[in-house]
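Me: I am new to this structure and would like a close look at a single part of it, the metal site. Please set that part in the context of the chain around it.

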Amino acid sequence: MTHLLMVESWVGAMGTLLPRAVADAGVEFTFLTRRPEHYPESLPDGSPHPLRRGRAVVTAETNNPDAAVDAARRIDAEAPIAGVLTSCDYYLPTAARIARALGLPGPEPEGVEIACDKSRTRARLDRMGIPGPRHATAPVADLNRLRAAAETVGYPLVVKPTDLCAGMFVRRADDLPTVEDAVAELRGFAVNARGQHRSPVVLLEELLDGQEFSVESWIRHGDIHTVGVTDKSLGGVSGFVETGHMFPADLPAGDRAVLVTAAEAAISAIGLDHGVVHTELRLTTFGPRIIEINPRPAGNQITELIKHVTGIDLPRVAVELALGRDPAAVISELEDDGARPRSAAVRMLIPEESGIVAELHGLDAVAAHPAVASSVFKATGHHTGAGVDNNSYLGSAIVVSPDVTGARPLAEELLSSISVTYSEVSAR
Ligand SMILES: Nc1ncnc2c1ncn2[C@@H]1O[C@H](COP(=O)(O)OP(=O)(O)O)[C@@H](O)[C@H]1O
Ligand SMILES: [Mg+2]
């Protein structure tokens with residue numbers, strides 16, 4: 001049986017969507033991880049977690065790329081590997097390196113490394129003449145250089161780590177004390193959730209105005225195929241927490257084309273030549289501006305929205321590309337019987353305070369609504385922080401609609417009917 005190597009994974013939605021796509025493709029996988037105990041054994045319904053349903057779980061120090069390549073070679077000697085995948089951003093460069101070392105299909109590793117480092121992305125886009133926000137970097141431990149960087153960028157600005165995701169530690173700052181506070185918080189997070197030492201550098205960027213979107217694409221042999229544009233609602237404590245998405249984005253065809261052109265130019269500029277890509281942009285007063293380029297399928301269930309509306313399963317496309325196959329073959333097999341919704345939206349429930357969830361009221365009515373395709377919420381007793389980033393959700397629902405702009409308002413209405421009570425509130 002054709003055999004893939006999965007190098008680590010997210011634990012959330014993509015942690016099940018990607019193994020499901022591997023199974024749909026009729027191939028098996030070995031799961032390579034440094035800590036099997038990081039991953040759940042089972043799904044909430046008690047069935048084995050899809051990450052555990054592979055051919056084997058092999059333990060190796062994946063935080064050391066050379067050790068990961070060696071482990072991959074050993075696995076390959078036993079059962080030839082036909083492709084390499086990961087859903088976890090922190091291991092995208094390592095997966096690309098393994099593919100290159102074993103002579104397997106995959107992106108040019110340097111393009112992936114640039115995409116996974118927000119300051120390198122900015123530098124490359126500048127060099128290629130792609131307009132972006134004013135930006136500067138500074139060591140998190142050097143307050144003089146931090147001050148100078150903030151002066152170069154001007155206020156309001158955005159403080160952001162170069163190597164994290166899910167909006168972690170991304171903050172707006174309108175003055176120097178706020179920059180210093182945000183950077184002090186970042187300094188306290190020197191090792192990420194996977195035990196990797198973080199970059200000691202912080203990126204400051206001009207705050208871009210305008211609505212935010214993402215462009216979902218896949219690339220093979222350097223040819224970029226864009227599936228569509230997703231829109232994004234933002235909120236939470238930082239104002240940058242993703243509170244919802246709709247596919248397709250509600251925007252005029254001209255703006256859509258502008259966003260797609262900008263995303264594809266940026267993807268080429270950073271040298272991404274293979275794989276699925278999720279590019280985030282804002283449509284500012286001065287035109288489209290790249291926020292970041294992720295060399296993997298979109299998270300936050302966006303791939304499910306796209307599947308509802310188009311039938312295209314981007315995790316499956318990622319699997320096909322990892323195997324060196326042409327995803328167009330799978331896409332062309334899709335049949336449209338006219339029954340698909342014309343829009344799909346996900347709306348997240350964001351905690352308004354920190355504490356222990358006593359009860360979420362109104363879930364049954366949401367789950368039973370005919371437009372709700374799926375919903376998932378935290379159980380009673382869940383400890384929540386305030387809604388500081390995309391890891392803070394109390395749950396979400398996916399809503400579909402026959403109207404091309406209908407899904408988001410309905411999703412917002414349904415989620416706003418849910419109320420949360422807390423059994424304990426801690427000051428934060
Ligand atoms: N320069 C900027 N101007 C305005 N908003 C920004 C800027 N940079 C980031 N953001 C906001 O912060 C969010 C998270 O930043 P992003 O660069 O996407 O990091 P992450 O990898 O954590 O998602 C973005 O989706 C956007 O809403
Ligand atoms: Mg982002």
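Reply: What follows begins with the metal site and then moves outward to the rest of the chain.

This is a predicted model, in which local features need pLDDT of at least 70 and side-chain atom pairs count only at pLDDT 80 or more, while totals for chains, interfaces and linings use all residues. Residues are numbered from 1 along each chain as its sequence is written, chains are lettered from A and ligands numbered from 1 in the order in which they are written, and side-chain values use heavy atoms, with hydrogens and water left out.

The magnesium ion, ligand 2, is coordinated by E280 (OE) and E292 (OE) at 2.0 to 2.1 Å. Donors here are N, O and S atoms within 2.8 Å of the metal (3.2 Å for Na, K and Ca), and because water is not among the atoms, sites may look incomplete. E280 belongs to strand β12 (residues 275–284) and E292 to strand β13 (residues 287–294), so the pair ties together parts that are twelve residues apart in sequence. Helices (H or I, at least four residues) and strands (E, at least two) are DSSP runs, numbered from the N terminus. E280 is buried, at a relative accessible area of 7%, and E292 is buried as well, at 14%; buried means under 20% relative accessible area, exposed over 50%, and partly exposed in between, with a 1.4 Å probe and protein chains only.

Strand β12 also holds L283. Leaving aside residues up to four places away in sequence, L283 touches D209, G210, Q211, F213, D255, V258, L259 and P288, where contact means heavy atoms within 4.5 Å. By contrast, the C-alpha atoms of L283 and G26, which are 257 residues apart along the chain, are separated by 40 Å.

Beyond strand β13, Q301 is found in the loop between β13 and α9 (302–310). The phi of Q301 is near 70°, a positive value in a residue other than glycine, and Q301 is buried, with a relative accessible area of 18%. A166 likewise has a positive phi, of about 60°, although it is not a glycine; A166 sits in the loop between β6 and β7 (171–173) and, at 24% relative accessibility, counts as partly exposed.

Two loops contain a proline that follows a cis peptide bond. In one, the bond from Y155 to P156 is cis, with omega near -5°, and P156 lies in the loop between α6 (143–153) and β6 (157–161). In the other, a cis bond joins F247 and P248 with omega of about -5°, and P248 lies in the loop between β11 (241–247) and α8 (253–270).

Taken as a whole, the protein chain comes to 13 helices and 19 strands. The radius of gyration, taken over C-alpha atoms, is 21 Å, close to the 22 Å that the globule rule gives for 428 residues, so the chain is as compact as a globular protein of that length; the rule is 2.2 Å times the number of residues to the power 0.38. Along its principal axes the C-alpha trace spans about 60 × 50 × 45 Å, and of the 428 residues 53% count as buried. Among contacts between residues at least 6 apart in sequence, 70% join residues at least 24 apart.
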